[in-house]
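Visitor: Before we begin, could you walk me through this structure slowly and tell me how each description of it is justified?

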Amino acid sequence: MFKLTRLIARNANVGSLRGTQQLLPRLFANAPAVSEEENTATTKNADEPIDIPNPFEKDPQQCILCKHNITPHYKNVKLLSQFQSPYTGRIYGRHITGLCKQKQEDVEKAIIRAQRCLLMPGYHKDLDFLQDPKLFDPEKPVRPHKY
Amino acid sequence: MPSYELALVLRQLPRPELISVIKRTAEAIFDKGGIIRKFENLGTRALPHKVSEHGVVHREATHFTIIFDSAPTKLSDLREEFGRDIDIIRRNIFKLEEPEEHKCTLHEEMLPPSYRKDVQEIIDIAKRKQKPKYNYNSGLDYYPFQK
């Protein structure tokens, strides 16, 4: 081990003493050559990829209530009854209605409020609103049913 | 004083008596130091289901809302007072709130589970809860002795 370390030390010393004059100019000679290439690439080459946001990115999805800027209110029974099952009166879940988390929570809160104020039935849909247009299809949920 | 909305469901009554009921409730609010901002008549219609209140079964009712300002400490007193009124079937007091500005989060919710923030948090919790396994330092990837 000692011999090895001595050898390395001697070589290094010799190299540094001699190489100061011969090796260093080579190093400097390489450096400007590289920088010149880079400069030409950035200024002249138009085929180089540019850093821009993805132009093919789709618009972010929005739920139906956010799109039309509607805040559900407990007196707006006609709107709320569209989120209710006509058979059992249950409030459809987020995987069926396709609403965002906040709006679904607002809708559920408003429906429960309306039911407490006797504005809305709890076990069926109001007969006046049975023919209303469907906002979503409960047979085709966005995510699969839990059951 | 914060604003509140009193949603009343009143017994089916002839017009002069209905007016006297509303006057009574309004005066009760004034007596507790409240201010009335608005009256709103939602009309008489059949209830979604029959309601038994004060020993009578109701099938039709008048919906009425009063928007008022009052001290929050007086609300329970008001509620109790309206509860004693025979002509009032239901009374609910809700706080009036401005709808908050909200950005739709549906796009983030529809991403695959591993890209969703809430799922990533759950995975982190599970990783943190994993028990450290004892390391035998034998350099083998199996236990060399019979266990």
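Guide: What follows is a set of questions and answers about a predicted model, going from its confidence scores to its chains, strands and contacts.

Visitor: How do you know how much confidence the predictor places in each chain?

Guide: The pLDDT is the predictor's own confidence in each residue, on a scale from 0 to 100, and chain B averages 93 on that scale, with 100% of its residues scoring at least 70. Chain A has a mean pLDDT of 79, and 71% of its residues reach 70 or more. Over residues 7-38 of chain A the pLDDT is below 50, and this stretch has 0 contacts in the model beyond near neighbours in sequence. Where pLDDT is low, the predicted coordinates should not be read in detail. For the model as a whole, the scores are ipTM 0.83 and pTM 0.75.

Visitor: What makes up the secondary structure of chain A, and what of chain B?

Guide: Chain A has 5 helices and 0 strands, and its pattern along the sequence is accordingly written α-α-α-α-α. Chain B, by its secondary structure, comes to 4 helices and 4 strands, which follow one another in the pattern β-α-β-β-α-β-α-α.

Visitor: Why is B:Phe64 called buried?

Guide: A residue is called buried if 20 or more other C-beta atoms lie within 10 Å of its own, and B:Phe64 has 21 such neighbours inside 10 Å, so B:Phe64 counts as buried. This residue lies in strand β3 of chain B.

Visitor: Which residues is B:Phe64 in contact with, once its neighbours within four places in sequence are left aside?

Guide: With those neighbours set aside, B:Phe64 is in contact with B:Leu8, B:Leu10, B:Ile22, B:Asn41 and B:Leu42. One of these, B:Asn41, also stands opposite B:Phe64 in the pairing with β3(B). By contrast, the C-alpha atoms of B:Phe64 and B:Gln130 are separated by 58 Å, the two residues being 66 apart along the chain.

Visitor: How do you know that β3(B) pairs with β2(B)?

Guide: Two strands pair if at least two bridges are found between them, and strand β2 (residues 35-53) of chain B forms 13 bridges with β3(B), in the antiparallel sense. As a further example of residues standing opposite each other, B:Glu40 faces B:Thr65 in β3(B). In the hairpin of these two strands, which has 2 residues between them, B:His54 takes a positive phi near 55°.

Visitor: What makes β1 of chain B a partner of β3 of chain B?

Guide: The same cut-off of at least two bridges applies, and strand β1 (residues 3-11) pairs with strand β3 (residues 56-69) of chain B over 9 bridges, again in the antiparallel sense. Within this pairing, the bridge partner of B:Ser3 is B:Asp69 in β3(B).

Visitor: Why are β2(B) and α4(B) described as hardly covered?

Guide: The count of buried residues is 0 among the 19 residues of β2(B), and the count is likewise 0 among the 13 residues of α4(B). For chain B as a whole, buried residues make up 16% of its 147 residues, while in chain A 19% of the 147 residues count as buried.

Visitor: How do you know that the length of α4 of chain B is close to what is expected of a helix?

Guide: Helix α4 (residues 117-129) of chain B has 13 residues, and from its first C-alpha to its last it reaches 19 Å, which is close to the 18 Å expected at 1.5 Å a residue.

Visitor: How does the radius of gyration of chain B stand against that of a compact globule?

Guide: A compact globule of 147 residues would have a radius of gyration near 15 Å, whereas chain B has 30 Å, and we may conclude that chain B does not match the value for such a globule. Along its principal axes the C-alpha trace of chain B spans about 95 × 35 × 30 Å.

Visitor: What makes up the contact between the two chains?

Guide: The contact takes 19 residues from chain B and 16 residues from chain A. On the side of chain B that touches chain A, the largest share, 4 residues, comes from β2(B). By class, this side of chain B has 11 nonpolar, 6 polar and 2 charged residues.

Methods:
Residues numbered from 1 in each chain as written. Chains lettered and ligands numbered in written order. Predicted model: local features only at pLDDT ≥ 70, side-chain atom pairs only at ≥ 80, totals over all residues. Contact = placed C-beta atoms within 7 Å. Buried ≥ 20, exposed ≤ 12 C-beta atoms within 10 Å, placed from the backbone. Nonpolar A, V, L, I, M, F, W, Y, C, P; charged D, E, K, R; others polar. Expected span 1.5 Å × (residues − 1). Rg over C-alpha atoms; globule rule 2.2 N^0.38 Å.
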